[in-house]
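Work through the exercises below with the model open. Try each task before reading its solution.

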Amino acid sequence: MSGSDSDFVTLQEIDSIAEAVRAKVDAKPRIGLVLGSGLGAVAEAIQSPMVIPSDELSGWPASTVEGHAGKLIIGELEGQSVCVVQGRVHFYEGFSMSRLAVPVRVLQRLGVSVLIVTNAAGGVNQSFEPGDVMLITDHINFPGMVGHSPLLGPNLDKLGPRFPDMSQAYDRELQELARQVASDLGIELREGVYFCLAGPTFETPAELRFLQTQGADAVGMSTAPEVTVARHAGMRVLGFSGITNKSSMDGTRATSHEEVLEAGRLIAPKLVRLVKGVIARL
Ligand code: HPA
C-alpha cells in the first residue's frame, strides 16, 4: 500500500500495468465496469471470463475490505468486450486518490471509452428505500473539494487536460438510455446526486442533515474520484447507486457494513439486468 496524497502515479507505472494485462489477455475492451460493495454478481454474468487477480499486477491497489475481492475480469457481456474491476479500493484504506484511480487509468490505456460505475450507498433522500437503484445524475466530490483530488499533482498530459470539464460528469445520453432500459424491464429507477465522503465512519445525524441541505440524494465512500479520472480520460460515464440503507436523520437507527453487503446482494440481480440491458444497446 502507498500512503499519502503525494503518491502520484506516473504514466510509466500505468503503462507497465496495462502491458502486464495485455500480456495475459488479448482483448480490446470498449466498456469498463467498476463494481461496488456486495455488487460483484455482475461479474458472474461475464462470458468467457479471463480473471487476473489484482496481486498479479504490481502497482495495482489491492483492497483490504471484506466484500471487495480484487480482480480484473475481461470477457464478453451481451456480445461486447468488457473489462470489469471487481474490488475497488477506497481512500479510507490509506491509498492516495491518485493510486486508487489506477484501475480507471489502466482501463483508459486498454482502450475503454465507456465506464459504468456502481456503488452501495445510503439513501439521504427520504423517499428512497433500501433495495432501490438510483441512476446517478451528478455527484458532489467532497474530498476533492477540500484538496483530495485524484488529479492532484503533475498533470499527465498524455492522459487528459490539466483542467477537465465536469459539466456532464455523467453522460446525458447514457442516462437516457438507462431510463429507457429500466422502463422496458419494469425496473423502477430512482435518480439523484451522489455525495462522496471519505469515510470510513458512517454519518452522524447532523452530517446527514447537512448532506440533505446540500442536495445529496445518496451518500457513499467511493465513485467520485474514479469518475473524475474517467472524465479527465474523456470516457463517457454511467453510474448506479444501490441504496443499501436508509439514513437515519435523527439517530434512531444504526448502520452496519453487514446490512450494506446483505442489501447489495438483493440489489445485484436488478443491477445485472440493467447493466446488461444498457450494454446490449451500446
Ligand atoms: N453512508 C456512507 N457510505 C455508505 C452508506 C452510508 O449510509 N451505505 C453504503 N455505503
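Two exercises follow, on aromatic rings and on strand pairing.

This is a predicted model: local features need pLDDT of at least 70, side-chain atom pairs count only at pLDDT 80 or more, and totals for chains, interfaces and linings use all residues. Residues are numbered from 1 along each chain as its sequence is written, and side-chain values use heavy atoms, with hydrogens and water left out.

**Exercise 1.** Find the aromatic pairs and describe the one formed by F142 and F195.

Step 1. Apply the criterion: rings of Phe, Tyr and Trp (its six-membered ring) pair if their centres lie within 6.5 Å; planes under 30 degrees apart count as stacked, over 60 as edge-to-face and the rest as tilted.
Step 2. Search the whole structure: two aromatic pairs turn up.
Step 3. Take F142 and F195: the centres are 5.2 Å apart and the planes make 50°, so the pair is tilted.
Step 4. Locate the rings. F142 is in helix α5 (residues 142-145) and F195 in strand β7 (residues 189-196), 53 residues apart. Helices (H or I, at least four residues) and strands (E, at least two) are DSSP runs, numbered from the N terminus.
Step 5. Extend the set: ring pairs link F142, F195 and F210 into a cluster.

**Exercise 2.** Identify the strands that pair with β5.

Step 1. Use the rule that two strands pair if DSSP finds at least two bridges between them.
Step 2. Strand β1 (residues 31-35) pairs with β5 in the parallel sense over four bridges. G32 has L115 as its bridge partner in β5.
Step 3. Strand β9 (residues 236-246) runs parallel to β5, joined by 10 bridges. Here V237 stands opposite L115.
Step 4. Strand β8 (residues 218-220) runs antiparallel to β5, with two bridges. A218 in β8 is the bridge partner of G123.
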